[in-house]
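Here are my notes on the model, set out as numbered points to be read beside the coordinates.

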Amino acid sequence: MSAMNRKLIQTLAETLSKEVEHFNKTEIESLIREFNELLGEPALPVRAAHGLDRGAFRTILHNMFGMTDDMIMDGVFRTFDKDKDGFISMREWIEGLSVFLRGTLGEKIKYCFDVYDLNGDRYISREEIIPMLKNSLIRQPTEEDPDEGLKDLVEITLKKMDQDHDGRISFEDFEKAVREENLLLEAFGTCLPDMTSIEAFDQNVFQKQLEQ
Ligand SMILES: [Ca+2]
Ligand SMILES: [Ca+2]
């Protein structure tokens, strides 16, 4: 563990618990300790002064939450890295996890939209949908020409979600479509943890540290 002492962690947790939704002070203390442990992990390529870099964060998403899709993991990294400095700071880690683990539907809609908006222009375009769906379909072998099937799927999804018919999905389109049909939340790839990994995280991070 870093030089951060107990008192400092408590003070920090006190402050953050007033600013971040869904976690109490004790849970935030656990998240700070976990963050410090991850930073200190010699196997991860990190620069402690800045936080977790893209590679380290991807390793965490993979190991803790079973994610495998590089494009989606990069999207998750971009969405956590709010100030766009290329590192996940402690605050970004806690704020990101608040939505990732416990977000409301509204918060998750915003989060998933940001993950899928690969170039950050506030629209999900056909050019962004195609590679994301291609990646998520690859694990389902089929007799048919995958590109034909993919094209159909992209057009069907676009038609369903592009409610103002300008050929791309705005945040308003996405929100409306997901509120009508919640399954569309992760339409372009799994970017939220499943129940099993949420429970494992609770067990490993929150419970474990309470026992200490
Ligand atoms: Ca950052
Ligand atoms: Ca975009």
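1. I begin with helix α9, where the face turned away from the buried side of the helix carries the exposed residues Glu172 and Glu180. Please keep in mind throughout that this is a predicted model.

2. The other side of α9, which spans residues 171-180, holds the buried residues Asp173, Phe174, Ala177 and Val178. Seen down the helix axis, the buried residues of α9 fall within an arc of 120 degrees, and therefore they line one face of the helix.

3. As for the chain as a whole, it contains 10 helices and two strands, and their order along the sequence is α-α-α-α-α-α-β-α-α-β-α-α. Buried residues account for 30% of the 212 residues, while 56% of the contacts with a separation of 6 or more are between residues 24 or more positions apart.

4. Towards the start of the pattern, helix α1 (residues 6-19) packs against helix α2 (residues 25-40) at an angle of about 120 degrees, with the two axes 8 Å apart. Because of that angle, α1 is oblique to α2, and the crossing of the two helices is right-handed.

5. The residues that form this packing can be followed by eye in the structure: Ile9, Gln10, Leu12, Ala13, Glu14, Leu16 and Ser17 on the α1 side meet Lys25, Ile28, Glu29, Ile32 and Arg33 on the α2 side. Sorted by class, the contact between α1 and α2 comprises six nonpolar, two polar and four charged residues.

Conventions: Residues numbered from 1 in each chain as written. Chains lettered and ligands numbered in written order. Predicted model: local features only at pLDDT ≥ 70, side-chain atom pairs only at ≥ 80, totals over all residues. Helix = DSSP H or I, 4+ residues; strand = E, 2+ residues; numbered from the N terminus. Buried ≥ 20, exposed ≤ 12 C-beta atoms within 10 Å, placed from the backbone. Contact = placed C-beta atoms within 7 Å. Axes fitted to C-alpha atoms, helices over the stretch in contact; angles between N-to-C directions. Parallel < 35°, antiparallel > 145°, perpendicular 65-115°, else oblique. Left-handed = near helix turned anticlockwise from the far one by under 90°. Nonpolar A, V, L, I, M, F, W, Y, C, P; charged D, E, K, R; others polar. Arc of directions from axis to C-beta.
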